[in-house]
Amino acid sequence: MPELPEVETIRRQLLPLCRDQVIDAVTVKTPYLIKNCTAAVFCDALQGRRVRHLDRIGKYLIWECEGAYPVFHLGMTGIFLQDRRESRYPQHIHVEIGFESGQALYFQDMRKFGKIWLYPSYPEIPTLGTDPITGRITPAQLLSWLQRRKTTLKQFLMNQTPIAGIGNIYASEILFESSLSPYRKTDEVTAAEAQRLQRAIGRILNDAIERFGTTYSAYRTVNGQSGENQNFLKVYQREGQPCVSCGEAIIKTVMGSRSTFYCPRCQK
DNA sequence: TCTGACCTGCGA
DNA sequence: TCGCAGGTCAGA
């Protein structure tokens, strides 16, 4: 599910709902989603804390409370809802955060691939690279990262260590936008191509944020609505349909056991 | 570097 | 009934 644009959409919508709110009670119904402490410790640690801010690095959502930093990774199907009645899968609401105001937020995750951690201070996530929206990635920096690796562009974009936040949908869309084949070897990319790729990363992700993310199945915004970006995808899930640029049929292939879509004529 | 496992719902 | 799905990680 949620890649960077979906997590950022959720962050932006959650922030006004929880900023400066004091947590009254936390209920955890699926304890194994919490990875570095027990559910009891998690709930106790958050009770009475005031939420100061929500931050995001890549696909990780970081709650900044006073003295406690719960971190959520939404996996494939994790979402936050402000109204339980908006849930299509109420049996999959795993965490409920109630505030002293009487309001509440609900973490739902149909496939339970989500993960939650609790930290006493702002967390360091060592395997996480630069966030392409909040961090600055120059074409020269990107070219340097590409030249140091021997992999394909698709797998480079999917790896969260150099750049954090790109997943399967946006990797295909970014490569189409930059006219680069998903099979291209990273160490063969030229400076001009790295510049195209750097611009495409920013454009594709920012456009998707403006459209509240991409909904295919479980992803919904905090108020339960679908995103809009699925209506603007140019290659993802368009196998056999004509390329919007040249008319050639879009190809679906599998790379690293993940579906990959590209135009064989436009992307070299 | 690659594959399978984790888990559930949906569509063919 | 089976294959597939937006992610990540352990193990081969």
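I began with the contact between the two domains of this predicted model: 19 residues of domain 1 touch 20 residues of domain 2, contact meaning heavy atoms within 4.5 Å. In chain A, domain 1 covers 4-119 and domain 2 covers 139-262, with bounds from an automatic or database domain assignment.

Next I looked up the spacing. The domain centres, taken over C-alpha atoms, are 28 Å apart.

Then I turned to area. About 1800 Å² is buried between domain 1 and domain 2, and carbon and sulfur atoms give 63% of that; buried area here is the accessible area (1.4 Å probe) that two parts lose on being put together, summed over both. On the domain 1 side, Pro5, Glu6 and Gln13 lose the most area to domain 2, together 27% of what that side buries.

What about salt bridges between domain 1 and domain 2? I found a count of 0, with a salt bridge taken as a side-chain nitrogen of Lys or Arg within 4 Å of a carboxyl oxygen of Asp or Glu.

Which elements give two or more residues to the domain 1 side? I noted α1 (4-18) and β5 (78-81), both being DSSP runs (helices H or I, at least four residues; strands E, at least two) numbered from the N terminus. Helix α1 gives the most, with 10 residues.

A note to self on conventions: residues are numbered from 1 along each chain as its sequence is written, and chains are lettered from A in the order in which they are written. Local features need pLDDT of at least 70, side-chain atom pairs count only at pLDDT 80 or more, totals for chains, interfaces and linings use all residues, and side-chain values use heavy atoms, without hydrogens and water.
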